[in-house]
Amino acid sequence: LPGLNFRHALVEAAARGVRVTLLLQGRVEYLLLHYDSRALYGNFLAAGIEIHEYHRSFMHAKVAVIDGRWATVGSSNIDPFSLLLSREANVVVDDAAFAGQLHDSLQQAMTEGARPIQRAEWRQQPFLLRLLSWFSYGAVRFLMGMVGYGRESRR
């Protein structure tokens, strides 16, 4: 569940014509977190961001490849809990060969174990499922505020 600035950066990149593809956990591991992150799918899909859900197994990879050269690998989920409370970190690698290998690995994971989420399909999901997603999102945001994330982000 990325923060507002990160979400805006993804949407703005897509608006500039950058291909933004997200490979996300498709299997339900933590019910509340599964549904809260899905509350963001509609906005991402509307912005032209591709979303693929990985169902082959649980996926705990926290990686990114940008411009075929810059890559990051680590334990951070790029959410406030990971960044502020869990003391997690990522390593940034500026190397085209490494980024290329990571990109190929991600492409293989999408091809062999993920399914794309289509915007038209997403818009037709049942109302109660959308309500559950937004309720979960609100609950998680509330909990983040309770543990201090809200205060830290306003400084």
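Start by selecting Ile51 in this predicted model and show what surrounds it. Setting aside neighbours within four places in sequence, Ile51 is in contact with Leu22, Leu24, Tyr41, Phe44, Leu45, Arg115, Pro116 and Ile117.

Keep Ile51 on screen and add Phe44 and Ile49. Within the largest nonpolar core, which has 18 residues, these three touch the most other members. Now colour α1 (4–15), α3 (41–46) and α7: each of these helices supplies at least two residues of this core. There's another core to pick out, lying apart from that one; this one has ten residues, and Tyr54, Ala71, Met110 and Ala114 are among them.

Next, go out to the surface and select Leu32, Phe142, Leu143 and Met146. Together they form a nonpolar patch with about 400 Å² of accessible area. Which helix gives the patch its largest share? That's helix α7 (residues 127–146), with three residues. Zoom in on Leu143, which is found in helix α7. Is Leu143 buried or exposed? Somewhere in between: Leu143 is partly exposed, since its relative accessible area is 40%, and partly exposed covers the range between 20% and 50%.

Last stop: find the loop between β3 (62–66) and β4 (70–74), and click on Asp67 there. Check the backbone: Asp67 has a positive phi of about 60°, although it is not a glycine. Why stop for that? Because most residues other than glycine have a negative phi. Switch to a surface view to finish, and you'll see that Asp67 is exposed, with a relative accessible area of 75%.

Key. Residues numbered from 1 in each chain as written. Predicted model: local features only at pLDDT ≥ 70, side-chain atom pairs only at ≥ 80, totals over all residues. Heavy atoms only, no water. Patch = residues over 30% accessible without salt bridge, like charges linked within 9 Å, V, L, I, M, F, W, Y side chains within 5 Å. Areas by Shrake-Rupley, 256 points an atom, 1.4 Å probe, with all protein chains shown as cover. Salt bridge = Lys/Arg side-chain N within 4 Å of Asp/Glu carboxyl O. Helix = DSSP H or I, 4+ residues; strand = E, 2+ residues; numbered from the N terminus. Buried < 20%, exposed > 50% of the residue type's maximum accessible area, 1.4 Å probe, protein only. Core = buried A, V, L, I, M, F, W, Y, C linked by side-chain atoms within 4.5 Å. Contact = heavy atoms within 4.5 Å.
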